[in-house]
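Good morning, colleagues. I should like to take a few minutes to go through the model now coming up on the screen, beginning with burial and then turning to the overall architecture and the interior.
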Amino acid sequence: MTDSSVFEVAGQPAHNRSERVKQLAELGFTWADLEEEPYWIDQIVIMNEDVYAELEAAASMLWRIVDKTVRYIHGNHHIYHLIGIPEILWEMLDRCPIPEEGLISRYARFDFAVAHDGAIKLLELNADTPTGYVEASIATPWLCRQAGIRSVNERMAGLVAEAWGIERPDTAACIGYGEHLEDSGTIEALVRHSGLDVRLVDCLDLWVDEGVLKDSENREIRRMFALYPKEWMSVDEGGDALAYAIETGNLAMFNPPHSILMQSKGLLAAIWGMFELGLLFGPEEREVIEKYMLPTYNKPVFSGNFVSKSMFGREGGSVKLYDNAGKLEVEDQDGFDTSVMFPTVYQQRAELARIRTAEGEFHLLTGLFILNGTPCGLLGRAGGLITGNTSHFIAIGVK
């Protein structure tokens with residue numbers, strides 16, 4: 001970490017960690033320690049307020065660019081193929097009405113590389129099933145208040161309530177509900193913040209009966225929020241039946257089906273390709289793309305210093321980093337490698353700031369949630385060159 005960094009790490013871990021872990025669990029963050037390993041780092045990263053203001057503005061502009069691109073490619077099966085959208089989902093995407101501008105996904109998260117000097121580069125967008133919501137919306141504001149540091153995450157719960165007040169899901173689901181701490185805690189927090197009476201279920205207990213989704217008690221589900229990656233409909237048993245329930249209008253899914261177009265990392269390659277060809281984007285949009293996006297392609301055109309990853313990789317799975325000479329430097333060993341099922345995207349590498357914490361020195365990945373179309377919540381993750389399943393959560397405040 002350099003002396004002139006736009007980040008600083010404040011505080012030292014409390015001696016009573018077990019008591020603080022218990023307090024966080026009572027708030028709904030029950031995985032601060034995982035299998036007796038500290039997932040949460042009990043310190044605060046402070047981001048320079050001018051850098052945060054730029055980050056928020058960049059996210060807002062990039063959100064509009066992504067939204068515009070999805071509308072441009074909607075119905076184009078050639079581009080669906082190029083960005084890795086499973087063919088079984090094409091009819092669903094074509095038949096379902098595309099949501100209003102800026103709201104294709106009401107629950108999303110950008111991941112940025114913010115360097116020590118404040119340079120901002122977009123790495124990817126999780127517009128389908130982002131996690132980290134509890135860490136950002138519940139743990140971060142509480143930890144920042146404890147430390148006397150400003151949090152910009154206070155609006156998150158209210159924006160979820162606004163979004164769900166419009167979507168009105170009757171059911172919220174995840175895989176392994178009641179067993180998988182993070183996913184279960186995420187949908188529980190979202191339901192609590194929505195203020196609605198929503199039933200919580202396990203995706204594995206659901207089934208489709210003549211185009212109607214039902215739960216284990218044979219109850220019909222008509223409107224569902226699910227932490228279920230839509231690309232898995234192409235490989236999961238019953239995925240085609242679920243797609244049929246959506247495309248026939250028997251089930252409204254949140255995020256909506258078109259969020260998978262945003263979710264594909266191939267969409268970033270499509271945006272970059274149209275930027276290079278001078279298509280679609282006006283002068284201001286082109287400035288934003290050039291400043292905040294990284295050259296990204298669906299072919300390995302770089303001679304060195306690039307990243308390869310599955311178009312539908314998650315939690316670092318499938319990521320490989322290549323050095324200046326084009327040689328493999330490091331690859332993810334922990335996440336599931338989805339590149340065996342989905343195409344690969346190639347992106348220029350970007351610098352992540354390094355932070356020195358009581359748990360060691362890490363690279364910092366800066367997440368920024370987009371809820372109901374509004375940039376609103378920072379998520380800090382401290383890990384290696386690749387931010388994967390073994391990374392830590394560290395709260396980010398602003399000063």
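**Burial, overall form and nonpolar cores**

Of the 399 residues in the protein chain, 58% are buried. Please bear in mind throughout that this is a predicted model.

As to secondary structure, the protein chain contains 11 helices and 22 strands. Its radius of gyration is 20 Å, close to the 21 Å given by the globule rule for 399 residues, so the chain is as compact as a globular protein of that length. Measured out along the principal axes is not the phrase I would choose for a model; let me say that the computed C-alpha trace spans about 60 × 50 × 35 Å. Among contacts between residues at least 6 apart in sequence, 71% join residues at least 24 apart.

Let me turn to the surface and the charges. The accessible surface comes to about 16600 Å², and carbon and sulfur atoms account for 47% of that area. There are 34 positive and 60 negative side chains, with the centres of the two sets 4 Å apart.

Now to the interior. Which residues touch the most other members of the largest nonpolar core? They are L55, I85, F110, F112, M224 and L378, in a core of 89 residues. Helix α2, residues 49–73, supplies the largest share of this core, with 12 residues. Another core, of 42 residues, lies apart from it and includes I46, A136, L196 and C376.

Finally, consider L378 once more. Setting aside neighbours within four places in sequence, L378 has contacts that include M47, Y52, L55, A136, V152, I396 and V398. Thank you.

How values were computed: Residues are numbered from 1 along each chain as its sequence is written. This is a predicted model: local features need pLDDT of at least 70, side-chain atom pairs count only at pLDDT 80 or more; totals for chains, interfaces and linings use all residues. Side-chain values use heavy atoms; hydrogens and water are left out. Helices (H or I, at least four residues) and strands (E, at least two) are DSSP runs, numbered from the N terminus. The radius of gyration is taken over C-alpha atoms; the globule rule is 2.2 Å times the number of residues to the power 0.38. Buried means under 20% relative accessible area, exposed over 50%, partly exposed in between (1.4 Å probe, protein chains only). Contact means heavy atoms within 4.5 Å. Accessible areas come from the Shrake-Rupley method with a 1.4 Å probe; for residues, only the protein chains shown count as cover. Lys and Arg count as positive and Asp and Glu as negative; His and the chain ends are not counted. The place of a charge is taken as NZ of Lys, CZ of Arg, CG of Asp or CD of Glu. A nonpolar core is a set of buried Ala, Val, Leu, Ile, Met, Phe, Trp, Tyr and Cys residues joined through side-chain atoms within 4.5 Å.
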